[in-house]
Amino acid sequence: MEKGLLERFEGLIRRHGYTNRSEAIRDLIRQELVKYEWTEQKNISVVGAISIVYNHHKRDLLNKITAVQHKFYDIIISSQHIHLDHDNCFEVILIRGNPGKAHLLADTLRATKGIKHVSINMSSTGRDID
Ligand code: NI
């Protein structure tokens, strides 16, 4: 490995508090395997969370968000709604199931006018990453 690259990696390891290099490499490999599950694997089950921020005063938005979630009921485990302030809501939707469908749910929410922010946290059932 190039010296500069290795030095930058060592810096990253220290910043993240790893006690040794192989622990950091192990985490990177797992991260890549989870990414692979979410992007390349078609017939497996993944877990994750989609979080959204929106203004609940926006006309019809609550209905739209509910309708989208009903459309994807088979991959939604639960959702939690937090009232951030007078106008803004934060909702976390926990998902388990087909990764393609999970991406489609996130994309559908992204395309819903009025939602300010959508983020997806891609995790794994852990079955295929040791
Ligand atoms: Ni709210």
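In the next few minutes I will go through the overall form of this protein and then a handful of its residues.

Before that, a word on the basis: this is a predicted model, in which local features need pLDDT of at least 70 and side-chain atom pairs count only at pLDDT 80 or more, while totals for chains, interfaces and linings use all residues. Residues are numbered from 1 along each chain as its sequence is written, and side-chain values use heavy atoms, with hydrogens and water left out.

Let me start with the whole chain. The protein has four helices and four strands, where helices (H or I, at least four residues) and strands (E, at least two) are DSSP runs numbered from the N terminus. Read from the N terminus, the order of these elements is α-α-β-α-β-β-α-β. The radius of gyration, taken over C-alpha atoms, is 18 Å, well over the 14 Å that the globule rule gives for 130 residues, so the protein is more spread out than a compact globule; the rule itself is 2.2 Å times the number of residues to the power 0.38. Along the principal axes, the C-alpha atoms fill a box of roughly 55 × 35 × 20 Å.

Turning to burial and contacts, 32% of the 130 residues are buried, and here buried means under 20% relative accessible area, exposed over 50%, and partly exposed in between, with a 1.4 Å probe and protein chains only. If we take contacts (heavy atoms within 4.5 Å) between residues at least 6 apart in sequence, 66% of them join residues at least 24 apart.

Now to individual residues, beginning with Asn 55, which is found in strand E1, residues 46-55. The side chain of Asn 55 reaches the backbone nitrogen of His 57 at 2.8 Å. Setting aside residues up to four places away in sequence, Asn 55 touches Leu 61, Asp 87, Asn 88, Gly 114 and Lys 116.

Just after that strand comes Asp 60, in the loop between E1 and helix H3 (61-71). Most residues other than glycine have a negative phi, yet Asp 60, which is not a glycine, has a positive phi of about 70 degrees. With a relative accessible area of 43%, Asp 60 is partly exposed.

What does Thr 112 contact, once its neighbours within four places in sequence are left aside? The answer is Leu 61, Lys 64 and Val 68. Thr 112 itself sits in the loop between helix H4 (99-110) and strand E4 (115-124), and Thr 112 counts as buried because its relative accessible area is 8%. Leu 61 is therefore a name to keep in view, being in contact with Thr 112 and also with Asn 55, under the contact cut-off already given.

I will finish with two residues seen through their C-alpha distances. Arg 30 lies in helix H2, residues 21-39, and is partly exposed at a relative accessible area of 30%. Arg 30 and Ile 129 are 99 residues apart in sequence, but their C-alpha atoms are 6.4 Å apart in space. Apart from residues up to four places away in sequence, Arg 30 touches Ile 129 and Asp 130.

Lys 3, by contrast, is in helix H1, residues 3-15, and counts as exposed at 64% relative accessibility. The C-alpha atoms of Lys 3 and Ile 76, which are 73 residues apart along the chain, are separated by 46 Å.

Conventions
Polar contact = N/O pair within 3.5 Å; in protein donor to acceptor, adjacent residues only side chain to side chain.
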